Amino acid sequence: MLIKRPPEQRSLFGEILDWMLAPLLLLWPMSIALTWLVAQGIANHPYDRALGERTRTLAQQIVLAPTEVGSKGEAAQPKLIFVLPATAANLLRADEADDIYYQVLGLRGEFVSGDRSLPVPPDDERVPPGELRFRDDEMHGEPVRVAYLWVDLPGLPPGGKPVLVQMAETLGKRSRLATEIIKGVILPQFVILPIAVLLVWLALARGIAPLGELQQRIRRRRADDLSPIDEREAPEEVSPLVRAINDLLGRLDRSIVTQKRFLADAAHQMKTPLAGLRMQAELAQREIDAGERDPEAVKRSLQQIALASQRAAHMVNQLLAMARAEDRELVTQRHEVNLAQLATDVVRDFVPRALERQIDLGYEGPGPQARQAGARVLGQPLLLRELIRNLVDNALKYTRAGGTVTVRVIDDPFGQVVVLQVEDDGPGIPAGERELVFQPFYRALGTDVDGSGLGLAIVAEIARQHGVELTLEEAHPGSARPGAKFTLRFAAAPAPASQPPAAPAQPDGEDPNEVHP
């Protein structure tokens, strides 16, 4: 079995440092390569100029001899004369670091003077006479720098070619100069780069110092201090994070206040049944201790004890139901639920109680065949059952003997919405209190019905957790007993592709599958 390791915690400081230093380390070799190329150009420039001057000096030593007339009267070919003066020869031998070669080719490309092995320029190269050019080549397997030019001598006969003069020099001095330039540029970088890394480190440490101060301010807070963090004391870049934390603190503060109020109300509500239970027990014990053996008195005390314990048990059950409704993890476990089947099951559970109070409890909705296909919603079955139970329980409490309570499920024939309605013909709820009745422990004024005040709060919480639209209105407007009608609109669960659409409910006529006590 493979155990998935939790992801390692990342450091913001390390991330920024990596993204700053990694490009520097990549750019440093590129900087060395560019420096080497620039150094080569810098080193070539002065030596190329000196080599070019020497080449021009050699070109000035070429002379075209006068044309002589042959014995038969024809003109002889002009003769090329190249004499290397002693000063020029000494100039060629003056360089002790590099070897210097030269070559002179005549009018017909014949060798005149110099080194025969020196390569000549390509034949396709067209250079105007007198223009000095440079190229890189090899001489005896050693790289050389060559300066060359074509010399157009005066008195050259028509069709004659210019004279080629070229001089080559090995690259010793150039390499040493380029190396010195690179050393002069790169060696300081070995000192500057660590200093730059240190400065970046110090700048980052100073830049994120306000985050550490913000952390210390939050750590020094008391556990009950949920006041907002001052955004002005935080860097601008983390202001969105501070605002999000403040929003979370505000929601947490409201949640804690709500829980405290709920616990205080619950404790206050529990006092009444527990105090009555204790008082009836003490009264029964006092009568027994006084020697009174009246069975009726003891029976009344026991009945009151049973009633008080029933109220306490109901209160505890409602509190547990409220806790389940607020459990977000439980709400996320949603399944496809047949709302019609769930409603009929709840109605059947309340039939004995309805018969006891002589109330007509009925169900209107899709038939058995439709229940297999339609009226399906996505939700938590336990919470949805609790929602319907609290609505039916509330309706039965406020409906007089001989009244009517109807649970209705309306299935949208287009498969978009499933509507659940619970209506009664009780005294109704005034318009000004219809929003308040969904608050915990709120009881409508003018009612003597025994209850915990949590039923409708549980309904509202479960509806909110499931994203259900909940409305409350009069069931019979204008009558003496207007009643109350709770309507919940659920989003229908998507039906399988092969499943036919559910048959619509029959709102105008009585459903043959209606459940009545």
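**View 1. Arg408 counts as buried at 16% relative accessibility.** The model shown in this view and in those that follow is a predicted one. Arg408 forms a salt bridge with Glu423, and the closest N and O atoms of the two residues are 3.5 Å apart. Since Arg408 belongs to strand β11 and Glu423 to strand β12 (residues 417-424), the pair ties together parts that are 15 residues apart in sequence. The partner, Glu423, counts as buried too, because its relative accessibility is 12% and the cut-off for a buried residue is under 20%. Elsewhere, salt bridges that share partners join Asp48, Arg54, Asp98, Asp136, Arg145, Glu169, Lys173 and Arg174 into one network.

**View 2. Within that network, Glu169 pairs with Arg54 and with Lys173.** Side chains of opposite charge can pair when their charged atoms come close. The salt bridge between the side chains of Arg54 and Glu169 has an N to O distance of 3.9 Å. This pair links distant parts of the chain, with Arg54 in helix α1 (residues 12-59) and Glu169 in strand β7 (residues 163-170), 115 residues apart. In the salt bridge between Glu169 and Lys173, the closest N and O atoms are 2.8 Å apart. Glu169 is buried, with a relative accessible area of 3%, while Lys173 is buried at 15% and Arg54 counts as buried at 17% relative accessibility. In the whole structure there are 25 salt bridges.

**View 3. Helix α8, which takes in residues 339-356, has the end-to-end span expected for its number of residues.** At 1.5 Å a residue, the 18 residues of α8 should span 26 Å, and this agrees with the 26 Å that separates the C-alpha atoms at its two ends. The helix nevertheless has a bend of about 45 degrees at Phe350, and a proline, Pro352, follows within four residues. At the start of α8, a side-chain oxygen of Asn338 reaches to within 3.2 Å of the backbone nitrogen of Ala340. An α-helix has 3.6 residues a turn, so residues three or four places apart point the same way. The buried residues of α8 are Leu339, Ala340, Leu342, Ala343, Thr344, Val346, Val347, Phe350, Val351 and Ala354.

**View 4. Gln358 and His140 have positive phi angles although neither is a glycine.** Gln358 comes just after α8 and takes a phi of about 60 degrees; its place is in the loop between α8 and β9 (360-364). At 57% relative accessibility, Gln358 counts as exposed. His140 has a phi of about 55 degrees and lies in the loop between β5 (133-139) and β6 (142-151). His140 counts as exposed as well, with a relative accessibility of 63%.

**View 5. Thr399 is a buried residue in the loop between α10 (381-398) and β11 (404-411).** The relative accessible area of Thr399 is 1%, which means that this residue falls within the cut-off of under 20% for buried residues. A polar atom of the side chain of Thr399 lies 2.5 Å from the backbone oxygen of Ala395. Leaving aside residues up to four places away in sequence, Thr399 touches Arg357, Ile359, Thr404, Val405, Asp424, Asp425 and Gly426.

**View 6. Leu241 has its place in helix α5, which is made up of residues 239-289.** Leu241 is exposed, with a relative accessible area of 52%, and the cut-off for an exposed residue is over 50%. Glu231 stands 10 residues from Leu241 in sequence, and the C-alpha atoms of the two residues are 9.6 Å apart in space.

**View 7. The protein as a whole, given as a setting for the close-ups, has 11 helices and 14 strands.** Of its 517 residues, 36% count as buried. Among the contacts in the protein with a separation of 6 or more, 66% are accounted for by residues 24 or more positions apart. The protein exposes about 31500 Å², and carbon and sulfur atoms supply 57% of this area.

Technical notes: Residues numbered from 1 in each chain as written. Predicted model: local features only at pLDDT ≥ 70, side-chain atom pairs only at ≥ 80, totals over all residues. Heavy atoms only, no water. Expected span 1.5 Å × (residues − 1). Bend = angle between axes of the 7 residues up to and from the residue. Buried < 20%, exposed > 50% of the residue type's maximum accessible area, 1.4 Å probe, protein only. Polar contact = N/O pair within 3.5 Å; in protein donor to acceptor, adjacent residues only side chain to side chain. Contact = heavy atoms within 4.5 Å. Areas by Shrake-Rupley, 256 points an atom, 1.4 Å probe, with all protein chains shown as cover. Salt bridge = Lys/Arg side-chain N within 4 Å of Asp/Glu carboxyl O.
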